[in-house]
Every structure is written in structure tokens, then in C-alpha cells.
Amino acid sequence: MALRSDGDATTKRLRLPVDDEPNQHNAAPAAAAAAPDHLSALPEVLQLRILSFLPLKSAIVTSSLSSSWRHRWKGRWQDDGNPSWLYHHLRPYSSPSSKKLLDSLELRRSQGRGRLDRYTLVVDTPAMTARRFSRYLESAAGCGVEDLRVELRSPPSPATLRFPFSAAPASPALACLTLHGIEVSGLNSRAARPCSALEVVRLHSVRINDGGLARMLALCPRLRVLGLHSCDDLRRITVTAALGMRMNLRSVTIAGCSRVVEVDVAAVSSLQSFRYSGGFLSSFYLPGGACLTDLCIRFGVQRSGNVLICKKVYTMNGHVCSKLTTLTICSNVLFVVSSLPIAILHAESVKMDDFFKNMTELQLLMLEMRAPDLANIYMFLKNSQCCNLERLFVQLPSIPSELLVDPFDYVLVEPTENGLENLKVVKIVNFNWNHIELQLVCFLLRKATSLDKMILVTPTLVPSNAPGIQKADLLFLAEAGANGKVILRESDDAVAQPFHSDVFADF
């Protein structure tokens with residue numbers, strides 16, 4: 001099969017047809033474009049003064065108000081020459097020395113000027129003492145820091161550095177706290193006070209147990225975002241109504257916590273985003289009264305014998321997923337869902353088309369790609385009736401599955417009805433040209449009548465002579481390529497990335 005290239009060494013881009021008609025969706029009235037910009041007409045001093053009254057999150061939002069305000073918020077504390085973001089990486093024999101950095105931070109605090117939007121402290125030296133470490137944190141709090149990030153890379157021996165959570169309220173403006181590789185102290189102290197402004201907590205490789213996490217959450221009544229990554233002392237993550245945040249918590253992310261066996265956020269009726277990556281759970285509860293907008297479930301094993309736990313992902317109250325716009329799941333969940341008897345769904349009055357009626361993006365993480373896995377994809381798309389689906393991402397195994405079935409078997413499926421008519425973008429990663437993967441590609445090309453482009457990321461830009469490939473499929477793919485719908489690439493890039501591709505980037 002011959003595919004034309006546009007000259008890129010790593011990309012064979014099938015030329016898209018030129019559209020000479022104006023884009024009505026992107027056209028903006030000329031009068032709106034010429035409207036006077038009163039915000040930009042304000043004196044710079046006045047603009048910075050306005051921004052100084054806003055919390056960091058609101059100040060960043062002002063970037064969309066006007067072209068001249070795009071980066072204005074970064075200088076709202078710079079009228080005295082002090083930057084609003086500080087990054088201190090303390091290394092042995094670093095220049096400037098840790099003492100000079102501390103002196104400058106304490107001087108800034110003593111002057112009472114130059115508040116901090118964000119302060120990042122990375123301790124990469126075993127010579128750091130607990131007293132000096134506390135002085136850094138106290139000085140940052142004295143500067144009104146709103147976003148504090150503390151990372152411990154080279155702890156002293158014995159480990160004496162701990163983040164004193166009981167002192168967090170000392171910074172009344174602290175809204176975001178990220179801790180990496182450091183222990184937390186003071187959670188059970190009688191001196192601990194609620195962190196009234198804290199809205200975001202992210203913990204990475206932090207030694208904290210179930211009781212400590214519950215106590216931390218109880219001290220954060222306004223918490224909106226909780227992220228837990230590689231916290232291996234956690235076993236049962238539970239957010240109860242007694243913690244006082246069921247009306248505030250919006251997002252929960254749990255990744256790589258190897259010992260976790262139970263997750264219970266059923267009491268969080270305000271939850272809108274839930275992301276989990278790890279092993280299968282013995283107990284898993286999502287809120288029945290919430291309206292999730294994005295859901296990411298990544299189980300890291302090939303098969304699951306725990307049908308009931310997987311079933312909960314899909315047989316939740318229809319209200320839970322009625323507003324779901326983005327879903328990421330892996331093939332072992334599809335395996336369970338496709339094997340559920342239809343009688344169970346009817347017995348529980350479950351209608352899958354009610355679950356995903358607002359979903360616009362779906363990402364499938366395929367741990368294997370054999371004939372049964374393809375059949376599961378077909379069945380899921382057929383039963384879910386994703387009538388508003390616009391973007392589909394499929395991540396195939398990086399190492400092709402050994403095809404144990406007859407390579408000449410063809411997976412049959414009944415046609416979907418009104419399921420993929422709005423699908424515009426498809427991206428398939430690790431495409432290896434075997435007959436099962438090719439069947440999926442051709443199926444989507446046939447069913448997605450509104451498809452704009454399909455991106456195939458493949459190590460081989462030329463079809464291989466793998467057994468079982470149907471000549472008709474190759475000819476159909478060649479025709480789609482000639483029409484400009486298919487793009488072949490040897491490596492993935494930032495074009496058309498799934499929504500959940502960077503859900504752990506903040507750690």
C-alpha cells in the first residue's frame with residue numbers, strides 16, 4: 001500500500017483537502033474584534049494594584065481578560081523588585097549558598113513587602129538541619145506564600161526533617177501545598193489548627209498512614225483537590241462526611257499507592273473528577289449522588305477475578321455519569337463489562353446509554369489486543385451508545401500481543417446505531433499492523449461518518465506481511481489515506497493528546 005509523504009522524516013501525513021469555504025464556527029464578528037480594550041488602557045500601576053487584592057488562582061484567570069493582562073499577574077508583587085515566584089534548590093556547595101538564600105528570604109519577610117505567589121524548596125543536601133529547614137518554612141509563611149512546594153531528595157541521616165503540618169495555618173494565604181519525599185508531623189498535636197485557606201493538597205512519596213491522612217483532611221475544611229502518589233503506607237483511603245468537606249472536594253487522584261486495598265469517597269457528593277491508577281481494590285465506592293465530569297480508572301493487571309468491583313465502575317446510579325464528558329479505562333475493565341449478563345443490567349434498571357450521553361472523549365488503555373479484546377471494544381461501543389463522542393484514543397500494547405487465536409478469524413460485530421456519528425478525531429498509539437488492530441481501524445473508518453482525521457502512531461510506516469491481514473482492509477485504508485483522513489507517525493507528539501495524558505504531571 002503506497003502512502004504519500006509530505007517530506008517529514010518521522011511523519012507520513014496524508015494531505016488533507018483544502019477547504020475554501022469560511023469556517024463558520026471560528027468566525028468572529030469584526031465589531032467584537034475591534035471593541036475598545038478599557039482594561040489595557042488602565043495605568044500599569046493601577047493594574048498591579050487591582051491584582052494585588054486577588055488570590056493567586058483568581059489573578060491567573062485575569063490572563064484571559066485582555067492581551068496586555070496575559071502575564072500581568074506575574075508582576076503583581078514586583079513593584080519592590082522582588083519576584084513573586086521563588087525556586088530554591090539547596091545542593092552541597094551550591095552558589096549562592098543555602099545561608100545566603102535563607103538570609104535573603106528572611107530579609108524579605110522582615111521588610112513586610114514582596115509577597116510570594118509560589119515558593120519551591122528542594123532540599124538536595126544531607127547537611128540541612130531541622131532548625132534551618134524550619135526557618136525557610138517560617139520565612140515563606142511570613143511572606144504570605146499561596147503555593148508552597150517542598151521536596152526532600154537527600155535526607156539527612158538519621159532523617160530529622162519533617163514538614164510541621166500544625167504550622168501550616170501560620171500562612172493564612174496558603175491555598176496549595178505539595179509535599180514530595182518528606183514525612184509529616186504535628187497532625188495529632190493539640191496545637192494543630194484548621195487550614196482555613198488550603199484548597200489543594202498533593203502528596204508524593206510521603207510517609208503517612210490512614211489515620212494521619214484522615215486527620216490531615218479534617219484540618220482542611222475547604223479542600224477542593226486531593227492528590228496521592230506513591231504513598232505506600234496508605235491502605236484504606238476514606239473520605240467521610242464527618243471530615244466536613246463533602247460539599248467542597250471536587251477532585252481526587254490516587255496513583256501508585258502500592259498497598260491501597262480500599263477507596264471510599266461515597267460521602268463526597270461534590271466530587272466531579274476521580275482518577276485512579278494502581279492495583280485492583282477489594283473495596284471501591286464512588287458517590288451515588290455526584291455528577292462526575294471526568295473519570296480515569298487504570299488497573300495494572302491483565303485480568304480480574306473481582307467482577308463485582310469492576311462492575312461498580314459501570315453500574316453506578318445513572319446520575320453519577322450523566323454529566324461525564326471524559327472517560328479513561330483499561331481493557332481489563334472492558335473484559336468484565338462485556339461479560340456481564342444483560343439480565344443483570346435489566347434487573348438493576350441500568351441503561352448504559354444514560355451513563356455516557358454527554359461523553360465527548362474516551363481513552364482505552366489496551367493491555368492486550370487479541371480477538372476477544374477487539375470484541376469487547378465493539379460491545380462497549382455498541383452498548384454505551386456514545387452519541388456525542390468526538391475524540392477517541394486507543395493505546396495499544398507497546399509489545400504486540402501473541403495472537404493465540406486463528407490468525408484468519410475475523411471478529412464480527414453487529415452495526416452500531418447512532419453511536420459514532422459525531423466522532424471527529426481518532427488516535428491509535430503503538431499500531432503494529434496486525435490483523436486485529438487493522439480490523440479496529442477499518443471499523444472506525446466505516447462507522448465514524450464525520451471523522452476529520454485518524455492518527456496512527458506506528459514504528460513501521462509500511463504495512464507488514466503479518467498473517468491474517470485482509471486485502472480488502474488494506475485497500476480500504478489506502479482509500480482513506482488518499483482522502484486525507486489518515487496520518488501515520490513514527491513517534492507520538494503533543495498533537496491530539498487525551499485529556500488524562502498529564503493527570504499526574506502536577507506531582
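Select K427 in strand β19 and I455 in strand β20: the two stand opposite each other. Strands and helices here are DSSP runs, numbered from the N terminus (strands are E, at least two residues; helices are H or I, at least four). This is a predicted model, in which local features need pLDDT of at least 70, side-chain atom pairs count only at pLDDT 80 or more, and totals for chains, interfaces and linings use all residues. Residues are numbered from 1 along each chain as its sequence is written, and side-chain values use heavy atoms, with hydrogens and water left out.

**Stop 1: strand β19 and its partners**

Show residues 453-457, which form β20. β19 and β20 pair in the parallel sense over five bridges. Two strands pair if DSSP finds at least two bridges between them. Now add β18, residues 391-395. It also pairs with β19 in the parallel sense, over five bridges. Here V394 stands opposite I428.

Colour β19 itself, residues 425-429. How many of its five residues are buried? Five of the five are, so the strand is largely enclosed by the rest of the structure. Buried means under 20% relative accessible area, exposed means over 50%, and partly exposed lies in between (1.4 Å probe, protein chains only). In a regular strand the side chains alternate between the two faces of the sheet. Check both sides: V425, K427 and V429 are buried on one, V426 and I428 on the other.

**Stop 2: over the helix**

Follow the chain through helix α12, residues 435-447. β19, α12 and β20 make a right-handed β-α-β unit. With the strands pointing away from the viewer, right-handed means that the path from the first strand over the helix to the second runs clockwise.

Pause in the loop between β19 and α12. N430 sits there, and so does W433. N430 has a phi near 65°, a positive value in a residue other than glycine. W433 is not a glycine either, yet its phi is positive, about 70°. Are they buried or exposed? N430 counts as partly exposed at 22% relative accessibility. W433 counts as buried at 0%.

**Stop 3: the core**

Select Y119, F165, F274 and I428. These have the most contacts inside the largest nonpolar core, which has 115 residues. Such a core is a set of buried Ala, Val, Leu, Ile, Met, Phe, Trp, Tyr and Cys residues joined through side-chain atoms within 4.5 Å. α12 gives the largest share of this core, eight residues.

Zoom in on I428. Leaving aside neighbours within four places in sequence, its contacts (heavy atoms within 4.5 Å) include V394, L440, L444 and V457.

**Stop 4: helix α4**

Jump to residues 98-111, helix α4. Which of its residues are buried? They are S98, L101, L102, L105 and R108. Seen down the axis, they fall within an arc of 125°, so they line one face of the helix. The arc is that of the directions from the helix axis to the C-beta atoms. Turn to the other side: K100 and S110 are exposed. The buried residues are covered by elements including β2 (85-90), β3 (118-123) and α5 (130-142).

**Stop 5: Q47**

Finish at helix α2, residues 44-51, where Q47 is found. Q47 is buried, with a relative accessible area of 2%. Select W69 as well. The C-alpha atoms of Q47 and W69 are separated by 8.4 Å, with the two positions 22 residues apart along the chain.

Definitions and conventions
Expected span 1.5 Å × (residues − 1).
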